[in-house]
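Student: I have a structure open and no idea how to read it. Can we go through its features one by one?

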Amino acid sequence: MSKNILTKGLLVLVIITLSAALLTGCTLFSKTVTVKLSGTTAALAETYYIYVDDESEDSMVGTGSLKITGLSIGKHTFAAESTNYSGEKSATVIGLWSTTVTIPVE
């Protein structure tokens, strides 16, 4: 009898967890990463092209941020390039919620 209660409790916990994940806007298989840049005032004044695993994503101004969706769980390399500055950072995407990656540009 206690095994039946334990099984039902576990099922309720799984349903609540999945519901909370979906209601908070996160997805289970496609992850969102927010890319930000750090550096000097001059470096952040430029426009950067952002790359994930050597594939172009979009461009952004250094003081802003860029949301990239559809990434798989695992390690990714994020890069930023402008006319005068560049930077790169590796990060592991895990969990249900979005990750923020800050790329230092020099």
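Tutor: Yes. Start with one pair of strands. Strand 1 (residues 31-38) and strand 7 (residues 99-104) pair in the parallel sense, over six bridges. Keep in mind that this is a predicted model.

Student: Which residue of strand 7 is the bridge partner of Lys 36?

Tutor: Thr 102 is the partner of Lys 36 in strand 7.

Student: In which sense do strand 1 and strand 4 pair, parallel or antiparallel?

Tutor: Antiparallel, and over six bridges. Strand 4 covers residues 65-71. Find Val 33, then look across to strand 4: its bridge partner there is Ile 68.

Student: Let me step back. How many helices and strands are there in the chain?

Tutor: The chain has two helices and seven strands. Now put them in order. Along the sequence the pattern reads α-β-α-β-β-β-β-β-β.

Student: Now burial. Is Ile 68 buried or exposed?

Tutor: The idea is to look at relative accessible area. Buried means under 20%, exposed means over 50%, and partly exposed lies in between. Ile 68 has 3% relative accessibility, so it counts as buried. Ile 68 sits in strand 4.

Student: What about Leu 37: buried or exposed?

Tutor: Leu 37 is in strand 1. Its relative accessibility is 9%, so Leu 37 counts as buried too.

Student: How much of the chain counts as buried?

Tutor: The chain has 106 residues, and 29% of them count as buried.

Student: How do I read distance in sequence against distance in space?

Tutor: Take two residues. Count the steps along the chain, then look at the C-alpha atoms. Ile 68 and Lys 31 are 37 residues apart in sequence, and their C-alpha atoms are 8.3 Å apart in space. Try another pair, Leu 37 and Ala 79. They are 42 residues apart along the chain, with 9.9 Å between their C-alpha atoms.

Student: Where does Ala 79 pair?

Tutor: Ala 79 has a partner on each of two strands. Tyr 51 has Ala 79 as its bridge partner in strand 5. In strand 6, the partner of Ala 79 is Glu 88.

Student: So how do the strands themselves pair?

Tutor: Take strand 2 and strand 5 (residues 74-81). They pair in the antiparallel sense, over four bridges. Then move to strand 6 (residues 86-93). Strand 5 and strand 6 run antiparallel and are joined by eight bridges. Within that pair, Lys 75 stands opposite Thr 92 in strand 6.

Student: How many residues lie between strand 5 and strand 6 in the hairpin?

Tutor: Four residues lie between the two strands of this hairpin.

Student: Now the surface. Which residues form the negative patch?

Tutor: Look for acidic side chains. The negative surface patch is formed by Asp 53, Asp 54, Glu 55, Glu 57, Asp 58, Glu 81 and Glu 88. You have met Glu 88 already, as the bridge partner of Ala 79 in strand 6.

Student: Which strand gives the most to the negative patch?

Tutor: Strand 3 (residues 55-61) does, with three residues.

Student: Where does Asp 53 lie?

Tutor: Asp 53 lies in the loop between strand 2 (47-52) and strand 3. Its relative accessible area is 36%, so Asp 53 is partly exposed.

Student: And where is Asp 54 found?

Tutor: Asp 54 is found in the loop between strand 2 and strand 3 as well. Asp 54 has a relative accessible area of 77%, so it is exposed.

Student: What should I look for in the backbone there?

Tutor: Look at the sign of phi. Asp 53 has a positive phi of about 50 degrees, although it is not a glycine. Asp 54 also has a positive phi, of about 65 degrees, and is not a glycine either.

Student: Which residues make the nonpolar surface patch?

Tutor: Leu 10, Leu 13 and Val 14 make it, and the patch measures about 280 Å². Val 14 is found in helix 1 (residues 2-23).

Student: Why does Val 14 count as partly exposed?

Tutor: Check its number. Val 14 has 40% relative accessibility, so it counts as partly exposed. That value lies between the two cut-offs, under 20% for buried and over 50% for exposed.

Notes. Residues numbered from 1 in each chain as written. Predicted model: local features only at pLDDT ≥ 70, side-chain atom pairs only at ≥ 80, totals over all residues. Heavy atoms only, no water. Patch = residues over 30% accessible without salt bridge, like charges linked within 9 Å, V, L, I, M, F, W, Y side chains within 5 Å. Areas by Shrake-Rupley, 256 points an atom, 1.4 Å probe, with all protein chains shown as cover. Salt bridge = Lys/Arg side-chain N within 4 Å of Asp/Glu carboxyl O. Lys, Arg positive; Asp, Glu negative; His and termini not counted. Charge placed at Lys NZ, Arg CZ, Asp CG, Glu CD. Buried < 20%, exposed > 50% of the residue type's maximum accessible area, 1.4 Å probe, protein only. Pairing = 2+ DSSP bridges.
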